[in-house]
Structure formats: structure tokens, C-alpha cells
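Biologist: I am new to this protein and should like to be taken through its model. Could we proceed by question and answer, one region at a time?

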Amino acid sequence: MSTSPAPGFGRAKKALGQHFLHESAYIDRIIDAVAPRPDDRVVEIGPGQGALTLPLLRRHGALTVIEFDRDLIAPLTHAASTVGALEIIHRDVLEVDFTALAGGGPRLRLVGNLPYNISSPILFHALEHAGAITDMHFMLQKEVVERMAAPPGSKTYGRLSVMLQASCIVVPLFTVPPGAFRPPPKVDSAVVRLAPKPPGETGIDDPARFAAVVRAAFGQRRKTLRNALSGLCDEATISAAGIDPQSRAEQLPVQDFIRLANTPSAA
Ligand code: SAM
């Protein structure tokens, strides 16, 4: 699918999840939600044709952006030249080391109307660098934001909910209709704020084991925990963590997953 390009830019590329924001009311709401302070290091993922980039640059004076589409680099450079100091990193965001990018300076404030086809990998990639990130303001599919913020027992509570809520404060901000984008996506969108907890304050002893337990528990969500976790946590370990081995992952609060993963297991 493609649509008429903004002056100087090419057509939208579906394979790169390009849906460009054009409604200024929503652009303003995102910038107001970010509310950059003078010393903040703001980094935008997927600047596209600059819908968020240029207002952010106007307000903040300096910005780093990460864009994969080579055809957007020259027009973006041109559009920003009289507005502020724009650093463009022409790379796949999944290959960008956010910890190195922060480089011991201020932690990063990430912003992005994300390409929806790779939004979950981007979220998990950012979590691996949680110590280098102050917060993230992301536009995602509304359904993904609902899953991120879902409470235990709800239909949409799953691996994404547990992984994100364990390591971040998740605040859904507002929804955005398809008509705010060109071309319009087929789904509603929503903006969410994620504030990573400092890595030492999550209560998770071993992040790799925690991720493995959560993945296994929801990999077979209809099974009881005793069955879904076989090979990873035996029944005695589940009980020792104060959890009923007959319960199912979708009922288990985030803190219980953390306690379970922290409990030594013979399995
Ligand atoms: N920020 C712009 C806006 O709001 O109009 C564009 C948003 S568009 C939904 C997503 C942007 O992410 C596009 O510019 C696309 O080229 C870029 N993108 C897609 N995959 C990417 C990747 N792996 N790494 C970096 N940027 C990517």
C-alpha cells in the first residue's frame, strides 16, 4: 500500500511499517507527553518523514534518530537543517546498542511511532538496555498496548504483560484512530509510556531464568503450571514459592512469577 508522499519524500513502504502521522493534534499530544527537559537525551526510533522529529527538534534543539530506510535520510537531513541539531543513525534499530549510545552520559528518553511489524522485538531489545533508558513513549497497535497493561485474569494477560510489568511502569496514555496516519493502518493505535525500573529494583535474581519461566508458562497457557513448567520448575518448587501447581499462568500476578523464578529448583 502506498500514498501520496510529503514534498521531498518518497512513497510509504508497507514492508517497513510506514504509516506517517499527519494530524497535528496527536503529534502535539505525544510531544507534550514526552515534555523534554533541557538536559534530556532524546532518541527517536523511525523518524520517517519527520512528523515527530521536526516538532521535537523545534522544542528541544537537539535529537538523535534511528532510521532504517535509506531513502528517508537525505530528505530528513534537508528538512531538519534549519531547525536544530539532528544526528541520524542509519541502521536497523534492533542492531543499535542503546547502552553504548548513552555512553555513560544521561540516560536515553526513547520516542517512536514504531513499525508495528517489529514492535515486540523492539520492546524486548529496549528492555535489554533498561539501565540506559529513562523512559519510552511509543505509538503501538492499541491491542498491543492493552496486552502490555493487562491485569492477571484478563483475556489479554500474557507473556508481554508479565515481561513488561516486571521491568517497567506501564502507563497507557491515549488512543489514536487510523485516520491520523497516511496511509491509515487497519487497526486502532495507542500511545504508551514505559518507565524501566532500575535493574537492581525489579526483584528478579536471574533475568534469563525469569524470561524462561514466563515463556514456558505462557507457551502452554491452557495447561496447569505443574505441566507447563515441567523440566524447569518441579511441583515442590512451585509449592515452595507459595503457588498452587494446579493454577494457570494467566491467573498468576507478576510478583508470583518473580518469586517462582527466584526459587531454587531441582528440575
Ligand atoms: N515517526 C514517523 C511518523 O510518525 O510519521 C514514522 C513512523 S512509521 C510508523 C515507522 C518508521 O520506522 C518508518 O520511518 C520506518 O522506515 C522506520 N523503520 C522500520 N523498520 C525499522 C528498523 N528496523 N529500524 C529503524 N527504523 C525502522
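**A buried glutamine and its surroundings**

Modeller: Gln18 is buried, with a relative accessible area of 7%. The model under discussion is a predicted one.

Biologist: In which segment is Gln18 found?

Modeller: The buried residue Gln18, at 7% relative accessible area, does not belong to the strand that follows. Gln18 is found in the segment before strand E1 (20–21).

Biologist: With which side chain does the side chain of Gln18 make a polar contact?

Modeller: Leaving aside neighbours within four places in sequence, Gln18 is in contact with Arg11, Ala12, Lys13, Asp69, Leu72 and Pro183. A polar atom of the Gln18 side chain lies 2.7 Å from the backbone nitrogen of Lys13. The polar contact between side chains, at 2.9 Å, joins Gln18 to Asp69.

Biologist: Pro183 appears among the contacts of Gln18. To which residue does a cis peptide bond join Pro183?

Modeller: Pro183 is found in the loop between E8 and E9. Most peptide bonds are trans. Here omega is about -15°, and the cis bond joins Pro183 to Arg182.

Biologist: Is Asp188 buried, partly exposed or exposed?

Modeller: Asp188 is found in the loop between strand E8 (181–182) and strand E9 (189–196). Not counting residues up to four places away in sequence, Asp188 touches Gln141, Lys142, Val176, Pro177 and Pro178. A relative accessible area under 20% would be buried and over 50% exposed. At 38% relative accessibility, Asp188 therefore counts as partly exposed.

Biologist: What distance separates the C-alpha atoms of Asp188 and Pro178?

Modeller: Pro178 is one of the residues that Asp188 touches. The two are ten residues apart along the chain, and their C-alpha atoms are separated by 5.7 Å.

**Helices that pack together**

Biologist: At what angle do helix H1 and helix H2 pack?

Modeller: Two packed helices are described by the angle between their axes and the distance between the axes. Helix H1 covers residues 24–34 and helix H2 residues 53–60, and their axes are 10 Å apart. The angle between H1 and H2 is about 45°, which makes H1 oblique to H2.

Biologist: How many residues of the contact of H1 with H2 are charged?

Modeller: The crossing of H1 and H2 is right-handed. H1 contributes Ile27, Ile31 and Asp32 to the contact, and H2 contributes Pro55, Leu56 and Arg59. Four of these residues are nonpolar and none is polar; the charged ones number two.

Biologist: What is the sign of phi in Ala35, and near what value does phi lie?

Modeller: Ala35 is found in the loop between H1 and strand E2 (41–45), and is partly exposed with a relative accessible area of 29%. Most residues other than glycine have a negative phi. In Ala35 phi is positive, near 40°.

Biologist: Is helix H5 roughly parallel, oblique or roughly antiparallel to H7?

Modeller: The axes of helix H5 (residues 119–127) and H7 come within 11 Å and cross at roughly 30°. Angles under 35 degrees count as roughly parallel. That makes the relation of H5 to H7 roughly parallel.

Biologist: Which residues of H7 meet H5?

Modeller: The crossing of H5 and H7 is left-handed. From H5 the participants are Ser120, Leu123, Phe124 and Leu127, and those they meet in H7 are Arg159, Leu160, Met163, Leu164 and Ser167.

Biologist: Is Ala126 buried or exposed?

Modeller: Ala126 has its place in helix H5. Not counting residues up to four places away in sequence, Ala126 touches Phe98, Leu110, Ile133 and Met136. Its relative accessibility is 1%, so Ala126 counts as buried.

Biologist: Which helices are included in what covers the buried residues of H11?

Modeller: The buried residues of helix H11 (residues 254–262) are Val254, Asp256, Phe257, Ile258, Leu260 and Ala261. Their cover includes helix H7 (159–167), helix H8 (207–219) and helix H10 (235–240).

Biologist: How many residues of the contact of H8 with H11 are nonpolar?

Modeller: H8 and H11 pack at about 120°, with their axes 9 Å apart, in a right-handed crossing. Arg209, Phe210, Val213, Val214, Ala217 and Phe218 of H8 make the contact with Phe257, Ile258, Leu260 and Ala261 of H11. One residue of this contact is charged and none is polar, while the nonpolar ones number nine.

Definitions and conventions: Residues are numbered from 1 along each chain as its sequence is written. This is a predicted model: local features need pLDDT of at least 70, side-chain atom pairs count only at pLDDT 80 or more; totals for chains, interfaces and linings use all residues. Side-chain values use heavy atoms; hydrogens and water are left out. Buried means under 20% relative accessible area, exposed over 50%, partly exposed in between (1.4 Å probe, protein chains only). Helices (H or I, at least four residues) and strands (E, at least two) are DSSP runs, numbered from the N terminus. Contact means heavy atoms within 4.5 Å. Axes are lines fitted to C-alpha atoms, for helices over the stretch in contact, and angles run from 0 to 180 degrees between N-to-C directions. Angles under 35 degrees count as roughly parallel, over 145 as roughly antiparallel, 65 to 115 as roughly perpendicular and the rest as oblique. A crossing is left-handed if the near helix is turned anticlockwise from the far one by less than a right angle, and right-handed if clockwise. Ala, Val, Leu, Ile, Met, Phe, Trp, Tyr, Cys and Pro count as nonpolar, Asp, Glu, Lys and Arg as charged, and the others, Gly among them, as polar. A polar contact is a pair of N or O atoms within 3.5 Å; within protein, one must be able to donate a hydrogen and the other to accept it, and residues adjacent in sequence count only if both atoms are side-chain atoms.
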